[in-house]
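Reader: Could you walk me through the aromatic part of this chain, and how the strands around it fit in? I'd like the cut-offs spelled out as you go.

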Amino acid sequence: MTTKPTPRVRIPAKAAAGEMIEIKTLISHEMESGQRKDAKGETIPRKIINKFTASFNGKPVFAADWHPAISANPYQSFFFKATKSGEFTFTWKDDDGSEYSAKNKLTVA
């Protein structure tokens, strides 16, 4: 892998109580299938993100299982009903056991 996986998340900083907000996530990741060969003819090991989870104040609110057909730099969006202020934690899990995470705060006024 040439670059370190970098998670990016876009959520509104503020929301009204009861408002549905869209949360957009993207992680820079090559999603190597394990079927390509390098310049020496050796197989490049498989390395894909297979699980994405989102939690709000420690409670799971969204989860997705990803498979090898997911493209590089996977994008995931979902909607969330804002009822109180708190913090989101987003986690991406890789085949090799690596985890990448990001945190974002939401203020409900």
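Author: Here is a close look at the aromatic rings, followed by the strands and loops around them.

First, the ground rules. This is a predicted model, where local features need pLDDT of at least 70 and side-chain atom pairs count only at pLDDT 80 or more, while totals for chains, interfaces and linings use all residues. Residues are numbered from 1 along each chain as its sequence is written, and side-chain values use heavy atoms, with hydrogens and water left out.

Now the overall layout. The chain has eight strands and zero helices, where strands are DSSP runs of E with at least two residues, helices are runs of H or I with at least four, and both are numbered from the N terminus. Its C-alpha trace spans about 60 × 20 × 20 Å along the principal axes. Of the 109 residues, 32% are buried; buried means under 20% relative accessible area, exposed means over 50%, and partly exposed is in between, with a 1.4 Å probe and protein chains only. Take the contacts (heavy atoms within 4.5 Å) between residues at least 6 apart in sequence: 57% of them join residues at least 24 apart.

On to the rings. A pair of aromatic rings is described by the distance of the centres and the angle of the planes. Here, rings of Phe, Tyr and Trp (its six-membered ring) pair if their centres lie within 6.5 Å, and planes under 30 degrees apart count as stacked, over 60 as edge-to-face and the rest as tilted. That rule gives nine aromatic pairs. One of them is Phe 52 with Trp 92, a tilted pair with 5.3 Å centre to centre and 50° between the planes. Since Phe 52 sits in strand S4 (residues 49-56) and Trp 92 in strand S7 (residues 86-94), the pair ties together parts that are 40 residues apart in sequence. Both Phe 52 and Trp 92 are buried. Ring pairs also build a cluster out of Phe 52, Phe 56, Phe 62, Trp 66, Phe 78, Phe 80, Phe 88, Phe 90 and Trp 92.

Several of those names come back in the nonpolar core. In soluble globular proteins, nonpolar side chains tend to be buried together. A nonpolar core here is a set of buried Ala, Val, Leu, Ile, Met, Phe, Trp, Tyr and Cys residues joined through side-chain atoms within 4.5 Å. The largest one has 23 residues, and those with the most contacts inside it are Ile 23, Phe 52, Phe 80, Phe 88, Phe 90, Trp 92 and Leu 106. Two or more residues of this core come from each of strand S3 (20-28), S4, strand S6 (75-81), S7 and strand S8 (99-108). Phe 90 shows what that looks like from one ring: beyond its neighbours within four places in sequence, its contacts include Val 9, Ile 23, Phe 52, Phe 78 and Tyr 100.

What about the strands themselves? Two strands pair if DSSP finds at least two bridges between them. S7 and S8 do so in the antiparallel sense over eight bridges, with Thr 89 opposite Lys 103 in S8. Their hairpin has four residues between the strands, and Gly 97 takes a positive phi near 95° there. S8 is also joined to strand S2 (residues 14-15) by two bridges, and these two run parallel; Ala 15 stands opposite Val 108 in S8. Separately, an open sheet of three strands has the order S1-S3-S6, with antiparallel pairing. Strand S1 (6-10) and S6 are its edge strands, each pairing on one side only. S1 and S3 pair over five bridges, and Pro 7 stands opposite Ile 27 in S3.

Finally, a few loop residues. Most residues other than glycine have a negative phi, and most peptide bonds are trans. Asn 57, in the loop between S4 and strand S5 (59-65), has a positive phi near 50° and is partly exposed at 42% relative accessibility. Asn 73, in the loop between S5 and S6, has a positive phi of about 55° and is partly exposed too, at 38%. Glu 32, by contrast, is buried at 7% relative accessibility in the loop between S3 and S4. Its side chain makes a polar contact of 2.7 Å with the side chain of Arg 36; that term means N or O atoms within 3.5 Å, where within protein one must be able to donate a hydrogen and the other to accept it, and residues adjacent in sequence count only if both atoms are side-chain atoms.
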